[in-house]
Amino acid sequence: MSPTLLVVEDDDQIAAPLVRTLEREDYLVERVATGGEALERLAGETVDLVLLDLGLPDIDGLEVCRRARAAGYDGGVMILTARGGELDRVVGLDVGADAYLPKPFALAELLARVRALLRRTARTAPSVPDVAVAGGVRVDRDTRRAWVDGTELGLTVKEFDVLALVESAGGSVVTRERVMDEVWDENWFGSTKTLDTTIGRLRQKLEDADAPARLVTVRGVGFRWETGGTDA
């Protein structure tokens with residue numbers, strides 16, 4: 001089944017060609033013009049990827065992203081905006097966006113980023129094992145899903161990438177620099193605040209699920225995966 005994309009853009013001259021381009025790629029495309037409509041739609045049936053403008057008439061796009069993540073939306077979020085400053089980009093990533101494409105942009109680049117992000121957020125439905133592994137936490141890199149004792153965690157793209165990277169180290173310390181290089185790559189704009197925010201959200205989700213394993217901070221170095229103990 002084709003992925004469902006939600007275009008959140010109030011400018012008809014921008015939205016119309018964008019929707020046509022995406023539909024030609026066989027995506028199922030919906031378009032709304034306000035942040036309120038976007039949040040209402042994201043609370044309904046599955047949306048695989050949101051293309052989100054920041055300059056909306058009712059709610060700023062950054063706030064839309066923040067509220068959507070807080071409400072449990074775990075699909076992809078790509079911000080499309082004329083705000084090209086470093087601060088705006090960092091804030092966008094901090095509130096849960098997965099990619100940031102400043103206007104004007106080439107449609108070929110947009111489509112390439114859409115394909116890449118959809119690959120990383122692809123939803124599949126494999127069976128959940130009867131017995132959880134890795135200290136009660138199971139991380140499936142092929143399907144990009146994670147469970148705590150059989151209950152699936154609702155993780156964003158970046159949260160899953162960080163979890164998979166640190167968990168795969170098997171208790172060895174993963175440096176902050178390595179996490180930024182491997183998880184944020186071209187979206188890295190010079191501040192580690194976005195990493196700290198993501199770690200905080202991920203750690204809270206693990207705690208809320210009563211995970212016996214957790215992300216431990218090794219101060220000044222990075223993070224490691226442990227089944228107990230305290231921060232170093």
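In this predicted model, Arg214 of β10 has Glu226 in β11 as its bridge partner. The two strands, β10 and β11 (residues 222–226), pair in the antiparallel sense over five bridges. They belong to an open sheet of three strands, ordered β9-β11-β10 with antiparallel pairing. Its edges are formed by β9 (174–175) and β10 (214–218), each of which pairs on one side only.

Helix α8 lies across β10 and β11, and runs at about 140° to β10. This helix comprises 16 residues (193–208), which at 1.5 Å a residue should span 22 Å; the end C-alpha atoms are 23 Å apart, in agreement with that expectation. Which residues of α8 are buried? They are Thr194, Leu195, Thr198, Ile199, Leu202 and Leu206. These residues cover an arc of only 130° around the axis, and therefore sit on the same side of α8. The spacing is a familiar one: an α-helix has 3.6 residues a turn, so residues three or four places apart point the same way.

A few backbone details deserve a look. Most residues other than glycine have a negative phi, and most peptide bonds are trans. Just after α8, however, Asp210 takes a positive phi of about 60°. Asp210 is placed in the loop between α8 and β10 and is exposed, with a relative accessible area of 64%. Arg144, also not a glycine, has a positive phi of about 60°; its position is in the loop between β6 (137–140) and β7 (145–148). Finally, the peptide bond joining Lys103 and Pro104 is cis, with omega about -5°, and Pro104 lies in the loop between β5 (99–102) and α5 (107–121).

Technical notes: Residues are numbered from 1 along each chain as its sequence is written. This is a predicted model: local features need pLDDT of at least 70, side-chain atom pairs count only at pLDDT 80 or more; totals for chains, interfaces and linings use all residues. Side-chain values use heavy atoms; hydrogens and water are left out. Helices (H or I, at least four residues) and strands (E, at least two) are DSSP runs, numbered from the N terminus. The expected span of a helix is 1.5 Å times one less than its number of residues. Buried means under 20% relative accessible area, exposed over 50%, partly exposed in between (1.4 Å probe, protein chains only). The arc is that of the directions from the helix axis to the C-beta atoms. Two strands pair if DSSP finds at least two bridges between them. Contact means heavy atoms within 4.5 Å. Axes are lines fitted to C-alpha atoms, for helices over the stretch in contact, and angles run from 0 to 180 degrees between N-to-C directions.
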